[in-house]
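Good morning, and thank you for making time for this item. Please look at the sequence and the structure as they come up, and I shall then take you through the pockets, two helices and several individual residues.

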Amino acid sequence: MAFLEIKDLEVNYGVIKAIKGVSFDVNKGEIIALIGANGAGKTTILQTITGLITPKAGSIKLDGKELTKIPAHKIVSMGMAHVPEGRRVFQQLSVLENLKLGAYTRKDRDGIAKSLKMVYERFPRLEERKNQVAGTLSGGEQQMLAMGRALMSNPSIVVMDEPSMGLSPLLVSEIFDIIKAINDSGTTVLLVEQNAKKALSIADRAYVLETGNITLSGKASDLINDESVKKAYLGE
């Protein structure tokens with residue numbers, strides 16, 4: 001049984017069918033990339049998986065438990081964290097206050113302190129700027145803060161939406177190194193990413209989404225060499 005299993009998922013926006021019966025799975029310990037053009041439905045899928053959107057039909061199971069009727073905050077306490085598109089940090093709060101909010105579902109004070117130490121080790125810049133107002137951070141630092149905040153919930157799976165968006169090439173490489181390190185430490189990752197080449201370079205497997213349907217899937221190392229993927233998403 002897959003760790004995260006999506007079956008026949010349908011999502012409508014009014015009369016528009018945004019997601020048309022999508023099925024895919026994520027095994028424990030994998031990095032799975034979901035790639036596709038803007039408007040393909042990638043963000044909608046992530047928001048539905050994390051409880052922000054209610055699907056019209058289909059099943060979403062995390063470790064065998066059905067999620068479709070569970071509110072978003074309870075899904076966090078079940079072990080799933082979401083790094084949303086556009087970072088969405090709390091602009092007026094300090095870095096430390098943002099990180100503490102990531103642990104709002106937890107009661108284990110010692111565990112929270114341990115997670116904070118781990119986040120600071122992974123993102124030294126956040127410790128340097130812990131008292132700084134989040135809205136004054138650079139784009140790359142805000143992305144690190146969004147990722148650090150997600151890790152504060154001590155998740156077994158992190159769902160990331162466009163983590164490299166708007167970042168310089170140097171910072172993009174740094175963010176992908178961090179995603180790989182998060183995965184290497186035992187956290188499963190579901191990654192939606194516009195930079196298909198980077199996503200496929202770190203993923204185990206990948207799914208290609210086109211207008212609400214999965215049209216291609218396979219090992220990331222195979223898809224990165226697939227002619228149709230190269231032409232459509234890798235600019236080759």
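Before we turn to the pockets, a word on the labels: helices and strands are DSSP runs, with at least four residues for a helix (H or I) and at least two for a strand (E), and they are numbered from the N terminus. Please keep in mind throughout that this is a predicted model.

I begin with the second largest pocket, which holds about 150 Å³ of space. Which helix supplies the largest share of its lining? That share comes from α1, with three residues. The lining includes Lys-42, Thr-43 and Thr-44, and α1 itself covers residues 42-49. Also in the lining are Tyr-13, Ala-18, Asn-38, Gly-39, Ala-40, Gly-41, Glu-85 and Glu-162. Sorted by class, this lining comprises five polar, three nonpolar and three charged residues.

Two of those lining residues merit a separate word. Gly-39 sits in the loop that connects β3 (31-35) to α1. Is Gly-39 buried or exposed? With a relative accessible area of 77%, and with the cut-off for exposed set at over 50%, Gly-39 counts as exposed. Its C-alpha atom is 8.6 Å from that of Gly-212, although 173 residues separate the two along the chain.

Glu-162, by contrast, is buried, at a relative accessible area of 4%. It belongs to the loop between β7 (157-161) and α7. The phi angle of Glu-162 is positive, near 55°, in a residue that is not glycine.

Asp-63 also has a positive phi without being glycine, with a value near 50°. Its place is the loop between β4 (57-62) and β5 (65-66). The relative accessibility of Asp-63 is 41%, and the residue therefore counts as partly exposed.

Let us move to the largest pocket, whose volume is about 550 Å³. Its lining consists of 23 residues, and those closest to the centre are Leu-52, Val-76, His-82, Pro-84 and Arg-149. Four elements, α1, α2 (72-77), β6 (80-83) and α6, each contribute at least two residues to this lining. The most comes from α2, which gives four. By class, the lining has 12 nonpolar, seven polar and four charged residues.

Helix α6 brings us to Gln-143, which is located in that helix. How accessible is Gln-143? Its relative accessibility is 1%, so Gln-143 counts as buried. Leaving aside residues up to four places away in sequence, Gln-143 touches Val-83, Arg-87, Glu-162, Pro-163, Leu-167 and Ile-175. Among these contacts is Glu-162, which we met in the lining of the second largest pocket.

Ile-175 leads on to α7, where Ile-175 is one of the buried residues. The others are Leu-171, Val-172, Phe-176, Ile-178, Ile-179, Ile-182 and Asn-183. Why do these residues lie on the same side of α7? They do so because they cover an arc of only 155° around the axis. An α-helix has 3.6 residues a turn, so residues three or four places apart point the same way. On the other side of α7, Pro-169, Leu-170, Asp-177 and Asp-184 are exposed.

The length of α7 can be checked as well. At 1.5 Å a residue, its 16 residues, 169-184, should span 22 Å, and the end C-alpha atoms are 23 Å apart, which agrees. After α7 comes Gly-186, with a positive phi near 115°.

The same check applies to α4. Its 14 residues, 109-122, should span 20 Å at 1.5 Å a residue, and the end C-alpha atoms lie 20 Å apart, so the two values agree. In α4, the buried residues are Gly-111, Ser-115, Leu-116, Val-119 and Tyr-120. Against what do the buried residues of α4 pack? They pack against α3 (95-101), α5 (124-128) and α6 (139-151).

I close with Ser-94, which is in the loop between β6 and α3. Its relative accessible area is 12%, and Ser-94 is therefore buried. Apart from residues up to four places away in sequence, Ser-94 touches Lys-130, Asn-131, Gln-132, Val-133 and Ala-134.

Note on methods: Residues are numbered from 1 along each chain as its sequence is written. This is a predicted model: local features need pLDDT of at least 70, side-chain atom pairs count only at pLDDT 80 or more; totals for chains, interfaces and linings use all residues. Side-chain values use heavy atoms; hydrogens and water are left out. The expected span of a helix is 1.5 Å times one less than its number of residues. Buried means under 20% relative accessible area, exposed over 50%, partly exposed in between (1.4 Å probe, protein chains only). Contact means heavy atoms within 4.5 Å. On a 1 Å grid over the protein atoms alone, a cavity is a set of points where a 1.4 Å probe fits but cannot get out, and a pocket is an open set with protein on both sides within 12 Å along at least five of seven lines; lining residues have an atom within 4 Å of a point. Grid points are joined across faces, edges and corners, and a volume is the space filled by probe spheres set on the points. Ala, Val, Leu, Ile, Met, Phe, Trp, Tyr, Cys and Pro count as nonpolar, Asp, Glu, Lys and Arg as charged, and the others, Gly among them, as polar. The arc is that of the directions from the helix axis to the C-beta atoms.
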